[in-house]
Amino acid sequence: MERLRLEGVGKHFGAIRALDDVSLTLAGGEVLGLMGDNGAGKSTLVKIIAGNFRPSHGSIYLEGETCDFHRPRDAQRSGIEVVYQDLALCDNMSAASNVFLGRELKKSFGPVRIIDYRSMHRKAGELFAQLKSETRPRDLVRRMSGGQRQAVAIARTLLAEPRVVLMDEPTAAISVRQVAEVLELIRRLRDRGISVLLISHRMPDVFSVCDRIAVLRRGELVADMLTETTSPEEVTGLITGAIDSIQRVPA
Amino acid sequence: MTVSLEKAIGHSQHGTLLSRLMNQQVFWVFIAAALGCISLTLVTDTFATERNLFNVTRNFAFVGIIAIGMTTVIASGGIDLSVGASVVLSAVVIGVAMSSGLGFWPSALLALGASLLVGFVNGIVIAYLGIPPFVVTLGMLSLARSLALVLSNNRMIYEFGPDHDLLLALGGGNVLGIPNPLIVMVVLALVMSFVFRWTRWGQYVFAIGGNENAATLTGIAVQRTKVTIYMFSSFTAGVAGILMVGWLGSVTTNLGTAMELTVIAAAVIGGANLAGGEGTVLGAVVGALLIEVIRNSLILLGISTFWQGAFIGTFIVVAVAFERIRALRGQD
Ligand SMILES: Nc1ncnc2c1ncn2[C@@H]1O[C@H](COP(=O)(O)OP(=O)(O)OP(=O)(O)O)[C@@H](O)[C@H]1O
Ligand SMILES: [Mg+2]
């Protein structure tokens, strides 16, 4: 069952071609690993799907329907959530406030609507429990470990029932034990039928959770293949350009 | 399982009430100000007089009102150097309007409109053109003050038409012995404490100051919010300007000169973090209080007011150093 489809997506910033004619599909409950060197265009692709940028060319379909996102809020409404590369957390705020940032729960207080912290703490606590994370809703993000911060960023994606979660290097800056935690979180998303696009530079992570692996090189998609049909060596060759390109997914 | 979930939800990082209090910069600044007041009462027989206290509280209120606006700007990661100029612009506008025969309320609306316009222009240029707030508001400092000069033709205004007495009563009068500017400050402080904590706008001020990029990525209307933040700051300056005219009974074009520095000092001493993301209304008020106590004590003790800068400067550095030390301790 196809969930997300990109057709001929391209993006240029002035003279820089960040993405060129990228076509890709993602099935329901599938984890797709997206790899590529620095500057290959991975984050740009994520930001296009998430509504931060509009593509210069091409189209995006979510469950067969055309998407035309002008703002991140539009993508969120359609069930697309993102964990950004730098996590996009506010250090000076609590875990719960970060989870609900931009989507605060409100309640009536006389004539005005105010933020409903009690419900936010409760809901955030439930999400962390679901993710089996020890993160506490009232703690300030500033004092959290890398793994807990990831849990906050991931919990945020689960607020509304998401259909697709995009993760931009969720395991880049954290300890080995925490990486295992995050990979577990990704498997939990998948088990709930959510499609995940995982960007990572870490070969072992990609090979342990992804069903498929795609490779971007200088803005072009040079490979799209099932994980069991490839190897870390081959993927490395594709990333560097030692291997030109491979298409190995049954259409 | 449910028990531990309840515990996690209810868990607070802060310890007992006392240790929480001791960890607050505001608390120590308040102690300093209180000690200042107590020793002045003991050492001089001029401090605790009705007349002096009346002056102290009113001066303090003017700085406090604007410091609340400044704290909002600083908490959002910005700075507003144009507040002193907004004060004089608002004062000149109400002065010119009233002396030409307009009543108090329409004139006050014009004055507030002028200051809101200052903030609007600041905000638009900062948010949409991406020019640093320091530069934009520095330019505005010069521009707004120059407009005030042009409008008043550098004349002193001391006749305010039909509502002359109302203006003077508002700025210089009191209710049950409490100076009106102080009442305005307290009301503003209560409202803004509520807004900071309980409204989206308040949360977004801190989100933008904490991580502007994150705020943008999560879909917060960062640019629009910034415009409103600078408008609020100018608004507080405009309100203070109107009250100051009423208090002084005249408008001169040097009104509010260098006031931005006093106000920023109050905000920073009260715990506003110039890197953004931190600041409290209570801190702004207590910071303003300390500055006024310092100023007043120098006068009463017969020390040259030239020393004022040295004391305030020291307090700024001490306050920020205090914050640094606390942050370093908090890391382990
Ligand atoms: N907002 C922007 N304006 C101009 N150029 C941009 C912008 N965002 C990205 N680029 C350029 O687009 C190209 C792709 O960048 P992108 O961030 O997508 O790479 P990436 O694959 O995510 O790299 P990394 O592994 O370092 O995160 C780079 O050349 C980058 O400089
Ligand atoms: Mg990237």
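Two worked exercises follow, on a ligand site and a surface patch in a predicted model. Residues are numbered from 1 along each chain as written, chains are lettered from A and ligands numbered from 1 in written order. Local features need pLDDT of at least 70, side-chain atom pairs count only at pLDDT 80 or more, totals for chains, interfaces and linings use all residues, and side-chain values use heavy atoms, without hydrogens and water.

**Exercise 1. Describe the surroundings of ligand 1.**

Step 1. Find the shell. 14 residues surround ligand 1, each with a heavy atom within 4 Å. Among the closest are A:Lys42 and A:Ser43.

Step 2. Sort the shell. It divides into 4 nonpolar, 7 polar and 3 charged residues.

Step 3. Locate the main contributor. Helix α1 (residues 42-49) of chain A gives the most, with 3 residues. Helices here are DSSP runs (H or I, at least four residues).

Step 4. List oxygen distances. A ligand 1 oxygen lies 3.0 Å from a side-chain N or O atom of A:His201. For a backbone N or O atom of A:Gly41, the distance to a ligand 1 oxygen is 3.0 Å. The protein buries 64% of the 630 Å² that ligand 1 exposes when taken alone (Shrake-Rupley method, 1.4 Å probe).

**Exercise 2. Place B:Ile303 in its patch and classify its exposure.**

Step 1. Identify the patch. B:Ile303 belongs to a nonpolar surface patch of about 1,000 Å², whose members include B:Trp28 and B:Phe311.

Step 2. Find the main contributor. Helix α3 (residues 25-43) of chain B gives the most, with 6 residues.

Step 3. Locate B:Ile303. This residue sits in the loop between α14 (281-300) and α15 (308-331) of chain B.

Step 4. Classify. B:Ile303 is partly exposed because its relative accessibility is 32% (buried is under 20%, exposed over 50%, partly exposed in between).

Notes:
Patch = residues over 30% accessible without salt bridge, like charges linked within 9 Å, V, L, I, M, F, W, Y side chains within 5 Å. Salt bridge = Lys/Arg side-chain N within 4 Å of Asp/Glu carboxyl O. Helix = DSSP H or I, 4+ residues; strand = E, 2+ residues; numbered from the N terminus. Buried < 20%, exposed > 50% of the residue type's maximum accessible area, 1.4 Å probe, protein only. Polar contact = N/O pair within 3.5 Å; in protein donor to acceptor, adjacent residues only side chain to side chain. Nonpolar A, V, L, I, M, F, W, Y, C, P; charged D, E, K, R; others polar.
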